[in-house]
Amino acid sequence: AIYEGRAGMLWIGTFGGGVSKYSRVAAKFALYRHRANDPNSLNDDLVFAICEDQDGALWIGTFQGGLNIGVWTKWFDIMI
């Protein structure tokens, strides 16, 4: 899955590698992966869908973990 967010970030969902976020301004990647016992991490590293709602929250669909819904800022993630 590949999605370009309203803020210009490029989000790349992978088959087993989580989600990569690319900032064209900073020319940097950030990687978000599933971490056991961390409720703020992805539910699963197999990502097949990414979209953004009108409030700016990303909806990330995973294969075995269902949906992650949240606001992802800077180089860390904050889930709501």
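Visitor: Why is Tyr32 called buried?
Guide: This is a predicted model, and in it Tyr32 has a relative accessible area of 3%. Buried means under 20%. The value of 3% falls under that limit, so Tyr32 counts as buried.

Visitor: Where does Tyr32 lie?
Guide: Tyr32 is part of strand β4. Its C-alpha atom is 8.4 Å from that of Gly17, although 15 residues separate the two along the chain.

Visitor: What makes the approach of Tyr32 and Lys21 a polar contact?
Guide: Their side chains come to 3.2 Å. The limit for such a pair of N or O atoms is 3.5 Å. The distance lies within the limit, so the pair qualifies.

Visitor: Which residue of β4 is the bridge partner of Lys21?
Guide: Ala30 is the partner of Lys21.

Visitor: How do you know that β3 and β4 pair?
Guide: Count the bridges. Five of them join β3 to β4. Pairing needs at least two. Five meets that requirement, so the strands pair. They run antiparallel.

Visitor: What about β1 and β2?
Guide: Three bridges join them, again at least two, so β1 and β2 pair as well. Ile2 has Ile12 in β2 as its bridge partner. The hairpin of β1 and β2 has five residues between the strands, and there Gly8 takes a positive phi near 90 degrees.

Visitor: How many bridges hold for β2 and β3?
Guide: Four bridges, in the antiparallel sense. Gly13 is matched with Val19 in β3. This hairpin has five residues between its strands, and Gly16 has a positive phi near 110 degrees.

Visitor: In what order do the four strands form the open sheet?
Guide: The order is β1-β2-β3-β4, with antiparallel pairing.

Visitor: What makes β1 and β4 edge strands?
Guide: Each of them pairs on one side only. Neighbouring strands of this sheet are turned by 20 degrees against each other on average, direction ignored.

Visitor: Now the charges. Why is the pair of Glu4 and Arg24 called a salt bridge?
Guide: The closest N and O atoms of Glu4 and Arg24 are 2.8 Å apart. The cut-off is 4 Å. The distance is within it, so this is a salt bridge.

Visitor: What does the pair of Glu4 and Arg24 tie together?
Guide: Glu4 lies in strand β1 and Arg24 in the loop between β3 and β4, so the pair ties together parts that are 20 residues apart in sequence. Arg24 has 47% relative accessibility and Glu4 has 44%. Neither value is under 20% or over 50%, so both residues count as partly exposed.

Visitor: What makes Arg6 and Glu52 a salt bridge?
Guide: Their closest N and O atoms are 3.5 Å apart. That is within 4 Å, so the pair counts. Arg6 sits in the loop between β1 and β2 and Glu52 in strand β5, so the link ties together parts 46 residues apart in sequence.

Visitor: Why is Arg6 called exposed?
Guide: Its relative accessible area is 56%. Exposed means over 50%, so Arg6 belongs in that class.

Visitor: How do you know that Arg33 forms a salt bridge with Asp45?
Guide: Their closest N and O atoms are 3.0 Å apart. That lies within the 4 Å limit, so the name fits. Asp45 has a relative accessible area of 13%, under 20%, so Asp45 is buried. Arg33 has 34%, so Arg33 is partly exposed.

Visitor: How many salt bridges does a search of the whole structure find?
Guide: Four, among them the pairs just discussed.

Visitor: And how many aromatic pairs does such a search find?
Guide: Two. One of them is Tyr22 with Phe29, at 4.7 Å centre to centre and 45 degrees between the planes.

Visitor: What makes the pair of Tyr22 and Phe29 tilted?
Guide: The angle decides. Under 30 degrees would count as stacked, over 60 as edge-to-face. The value of 45 degrees is neither, so the pair is tilted.

Visitor: What is notable about the phi of Ala27?
Guide: Most residues other than glycine have a negative phi. Ala27 has a positive one, near 55 degrees. Ala27 is in the loop between β3 and β4. Its relative accessible area of 51% is over 50%, so Ala27 is exposed.

Notes: Residues are numbered from 1 along each chain as its sequence is written. This is a predicted model: local features need pLDDT of at least 70, side-chain atom pairs count only at pLDDT 80 or more; totals for chains, interfaces and linings use all residues. Side-chain values use heavy atoms; hydrogens and water are left out. A salt bridge is a side-chain nitrogen of Lys or Arg within 4 Å of a carboxyl oxygen of Asp or Glu. Buried means under 20% relative accessible area, exposed over 50%, partly exposed in between (1.4 Å probe, protein chains only). Axes are lines fitted to C-alpha atoms, for helices over the stretch in contact, and angles run from 0 to 180 degrees between N-to-C directions. Rings of Phe, Tyr and Trp (its six-membered ring) pair if their centres lie within 6.5 Å; planes under 30 degrees apart count as stacked, over 60 as edge-to-face and the rest as tilted. A polar contact is a pair of N or O atoms within 3.5 Å; within protein, one must be able to donate a hydrogen and the other to accept it, and residues adjacent in sequence count only if both atoms are side-chain atoms.
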